[in-house]
Amino acid sequence: MVLYGERLNDCLLQLAAWDIDAADLLIVGGTSLLVHPACGFVDRFINNRQQNPNLKLVIINLQETEYDRQADLVIYDKLGNVFQEL
């Protein structure tokens, strides 16, 4: 969880970027994807798909996001409801 205006540790951001680069599935949940770093990580993953179209993006959120059209699966629900069904 990141609060508005909160600065994140640069080392953690770099580790997250490396994990994004290694991922073949990215599940993003509970965010409007309007604020960095969340939307930056999704942008990075989408850019990676240009070289590997087999990468899959899933978005779980109550409202639409600007990334929904680029996702392979979009679920409009609360995270707790979705994960309870898994």
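This is a short talk on how the strands, one helix and the nonpolar core fit together in this structure.

Okay, hi everyone. One thing up front: what you're looking at is a predicted model.

Let's start with the strands. Strand 1, residues 25-29, and strand 2, residues 56-61, run parallel and are joined by 5 bridges. If you want one pair to find on screen, look for Val 28, whose bridge partner in strand 2 is Ile 59. To get from strand 1 to strand 2, the chain goes through helix 2, and that β-α-β crossover is right-handed.

Now the other neighbour. Strand 2 also runs parallel to strand 3, residues 73-76, with 4 bridges between them. Here you can look for Ile 60, which sits opposite Ile 75 in strand 3.

So is strand 2 mostly covered or mostly open? Mostly covered: 5 of its 6 residues are buried.

That takes us to the core. The largest nonpolar core has 15 residues, and those touching the most other members are Leu 26, Leu 33, Val 42, Phe 45, Leu 57 and Tyr 67. Strand 1, helix 2 and strand 2 each give two or more residues to this core, and helix 2 has the largest share, with 5.

Take Tyr 67 for a second. Skipping its close sequence neighbours, within four places, its contacts include Val 42, Ile 46 and our friend Ile 59.

Last stop: Arg 49, in helix 2, which spans residues 38-49. Is Arg 49 buried or exposed? Arg 49 counts as buried because its relative accessible area is 18%, and the cut-off is under 20%. Beyond four places in sequence, Arg 49 touches Leu 55, Lys 56, Leu 57, Gln 70 and Asp 72.

That's it from me, thanks!

Terms used: Residues numbered from 1 in each chain as written. Predicted model: local features only at pLDDT ≥ 70, side-chain atom pairs only at ≥ 80, totals over all residues. Heavy atoms only, no water. Buried < 20%, exposed > 50% of the residue type's maximum accessible area, 1.4 Å probe, protein only. Contact = heavy atoms within 4.5 Å. Core = buried A, V, L, I, M, F, W, Y, C linked by side-chain atoms within 4.5 Å. Pairing = 2+ DSSP bridges. Right-handed = clockwise from strand over helix to strand, strands pointing away.
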